[in-house]
Structures are given as structure tokens and as C-alpha cells.
Amino acid sequence: MDYSFDEVIDRKDSLGLKWNNLDQQFGCEEVLPMWVADMDFSSPQPILDSLKGVLDTRILGYATPPDTLYNAIIHWQKEHHQMELTKDAILFAPGVVPSIAVIIQALTNEQDAIMIHDPVYTPFSTMIELNKRRCIRSTLLMENNQFKMDFEDIEKKLVEEQVKLFVLCNPQNPGGRVWSKQELLTLAELCKKYHVLIISDEIHADLIFSPYQFTSLVTLDPSYQDFVLTLSAATKTFNIAGVKLAMIFAHNPKLYKQIHLYQEAIEHSCLNTFGYVATETAFTQCGPWLEQLMARLEENLTMVCHFFDTRLPQVNYMKPQGTYLFWFDCSSLGLTDEELMNHFIHVGKIALNAGVAYGPGGSQYMRLNFAAPKVLIEEGLKRIKFAFEQ
């Protein structure tokens, strides 16, 4: 079956965050939204059909995850990421961010130090700070327009701050870096040495561009199962963020039990039917859709890079190795971070993510979501160019 990624779907009257209430969110109704990380492509038809099937039952009662869902997750992780899973290692949650929050609450104490990279996905620091833990940032280095971990800085801070937990983003958001096996091994060995737990957020693991290869941290050494917790979901891969379902893979029975008990205490794992059904369908029926999606994302990325190379050659950018997020440097405009955001909104008429929101290391950058029909990408690039010219 051939899927269309050219249809422009009108989302303005939906509940979708990305396109709704633009005037309230950005102070300008005419902006083109290319910010929050969901796609402007239709979700896979098999998922839509399976959800219609749920409605056809005519009773939306309580639900529990079936064995077929567990089997689908286990098979997908084995086939795509060489991860050996059992049902007893899988916990369900309403999302990756809620998973981070519940792990922080279950396994650390107030004022404990938790380390993240800088820049990195904004909710990492938000969850740490809202839960009254200390957020320790290790600034990523830049090498050949790609992020690189600063292991000397990481080890120094692990020791000095007595870090209890490291939250890793792989592939990295916002830069799209797919961490190499050697980088992951070095990080894991440091955390193992200093008895630091790791949360590995791998929600973009299926969105990898050739020739890069994703490696799930926990698969590199059997001993890593003792202290690595992996977060995963079908939501980014198959554009179903609204169904609100993610998985925590906890191979260590002790950690599994601690998280599970905490989930029970706050009623964190009782999820909705649509999440269960959509996730199982994604992993069992939507592989062909994903193959065609990645071909389109490759085309879109080529188009974006070509535009910057030829029309905005003065602008540095990171070519993502994974995800559908494009990170570019706006320092040539000579504006403050607040002015930058307003400039793109009110002059360029385009809504992007401000780099500084991902941490001090993101200052002067903006993030573009290129998971959209080509006509929207072309229009967005024109608006970006106009903003740079004014």
C-alpha cells in the first residue's frame, strides 16, 4: 500500500496544540506552526481503522493491556533494536515525560542531583526542578557541526555533585545526534563506576537516517540492565502522540518493583483503551508506513539542507542523524533570545522552538520541525529566509 505524505490536512479547528489558538500561543494568528514535535502527516490508516473498531464496540469501559500488546512490543524491540525483553520488564505510562517524573519520584530524594546534557529536551529540566531535585547540566561540545559529549566535564560533576541519576536523550533532541556505541559505552561506564542510574529516552529510536544506526544503551552490556531504564513509545514514530501511551523497560526486578509500587500509589499506570490498541496496531501493522515515512523525511531533510546551503549560506546548522528536527544558528541576526523568537513570529510569520528553551547551550538557535508536506516546508523556508533578510 502506498501512503500519501503530500496531503495538507487542515488542523486549525482541531484540539491539536500545534495549530490551535495561535494568537493566544504566539500573539499572531498568521504564523505557520513548525514547532512542536508532531507530524503534519496523517497517522497510519491501520491505526485509524483499529481505533474506529474500538468505537464500534459502543462501550468505552475500563481496559487492561492484552498479552498481544506485550508480544508486539517485545517483537518490535527485538527486531529493530536487538533488545531482549520479557513481559515482566515492561511498565506502561501515559508518556515519556510522566515516566521521567515517576522515576525521579520513585528512585531519588528531594535535593538529589540529576544530570542532563545542555541543550536537551526542555521537560528534562522541568521535571527535575518541579520535583525539587537539583538539575546539573553538562554542556555539549560542538565538533563538525554536531554535538559531542564532554566526558571530562561529566565525570567531574558526577563526583562533585554526587549525582544519583542521569537522563539521556538518544537520539538527541534538539540536535538530532544519534550517539555512537563508543560514546554510549563511555557514558555508561562512568555511571556504573559512580553508581548512577540512567534513564535513556529513546522515543525517536525508529526515526534514523542512513547511514547512521541507533543503539539502545541497555543492549551494549548485560550489566547495564542493572542500572539503565529505557523509555520508549510508538507515539513519535507513528504520529499518535494524542493516544498518550509509553513504556518503561526496567530489566532490574528491584527497580521494576520500586517504580511499579510508586505508580500504584499515584494511579499512574491505568491507561486508556485507545493507547493500548493504537500501540499494538502500530507495531504489528505499520512497518510499511514507517518505511515510506522515512523516505519522505529523507527527501524533506535534503530539501531543507539544500535551501540553507544555497539561499542562507551564512547560517550554520546541524544536519540531524535522526528525528525530524532541524537545529540552526541565528546568531548572525544579532538579537537577544527573546528578540529572536519575536522576530521569527512577527516578521517571518513562522512559529519555531526557541533554542534557549532547551538550556543555556541552546542560546541563539531555533528548532524547525520538517515532518510536513513539501508545500508547507517550502513555505516555511521562505518565511525563515525573509526573517534573516530583515
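This report describes cysteines, one helix and some backbone features in a predicted model.

## Cysteines

With a disulfide taken as a pair of cysteine sulfur atoms within 2.5 Å, the count in this model comes to zero. Cys-330 is in no disulfide, and the nearest cysteine sulfur to it, which belongs to Cys-305, is 15 Å away. Because that distance of 15 Å is not within the 2.5 Å cut-off, Cys-330 and Cys-305 do not qualify as a pair.

Cys-330 has a relative accessible area of 0% and is therefore buried. Cys-286 likewise counts as buried, because its relative accessibility is 0%.

## Helix 9 and its surroundings

Helix 9 covers residues 273–285, which makes 13 residues, and at 1.5 Å a residue it should span 18 Å. The C-alpha atoms at its two ends are 18 Å apart, so the span found in the model agrees with the expected one. At the start of helix 9, a side-chain oxygen of Asn-272 comes to within 2.8 Å of the backbone nitrogen of Phe-274.

The buried residues of this helix are Gly-275, Tyr-276, Ala-278, Thr-279, Thr-281, Ala-282 and Phe-283. These buried residues pack against three other helices and two strands, namely helix 2 (45–56), helix 3 (67–81) and helix 10 (287–311), together with strand 2 (90–93) and strand 10 (246–250).

## Cis peptide bonds before proline

The peptide bond that leads from Asn-170 to Pro-171 is cis, with an omega near -5 degrees. Pro-171 is placed in the loop that runs between strand 7 (163–169) and helix 7 (181–193).

Ser-210 and Pro-211 are also joined by a cis peptide bond, for which omega is about 10 degrees. Pro-211 lies in the loop between strand 8 (197–201) and strand 9 (228–232).

## Positive phi outside glycine

Arg-58, which is not a glycine, has a positive phi near 75 degrees, and its place is in the loop between helix 2 and helix 3. With a relative accessible area of 76%, Arg-58 is exposed, because exposed residues are those over 50%.

Asn-239 is another residue that has a positive phi although it is not a glycine, the value being about 55 degrees. Asn-239 belongs to the loop between strand 9 and strand 10. Its relative accessible area is 12%, so Asn-239 is buried, the limit for that term being under 20%. Of these two loop residues, then, Arg-58 is exposed, whereas Asn-239 is buried.

How values were computed. Residues are numbered from 1 along each chain as its sequence is written. This is a predicted model: local features need pLDDT of at least 70, side-chain atom pairs count only at pLDDT 80 or more; totals for chains, interfaces and linings use all residues. Side-chain values use heavy atoms; hydrogens and water are left out. Buried means under 20% relative accessible area, exposed over 50%, partly exposed in between (1.4 Å probe, protein chains only). Helices (H or I, at least four residues) and strands (E, at least two) are DSSP runs, numbered from the N terminus. The expected span of a helix is 1.5 Å times one less than its number of residues. Contact means heavy atoms within 4.5 Å. A polar contact is a pair of N or O atoms within 3.5 Å; within protein, one must be able to donate a hydrogen and the other to accept it, and residues adjacent in sequence count only if both atoms are side-chain atoms.
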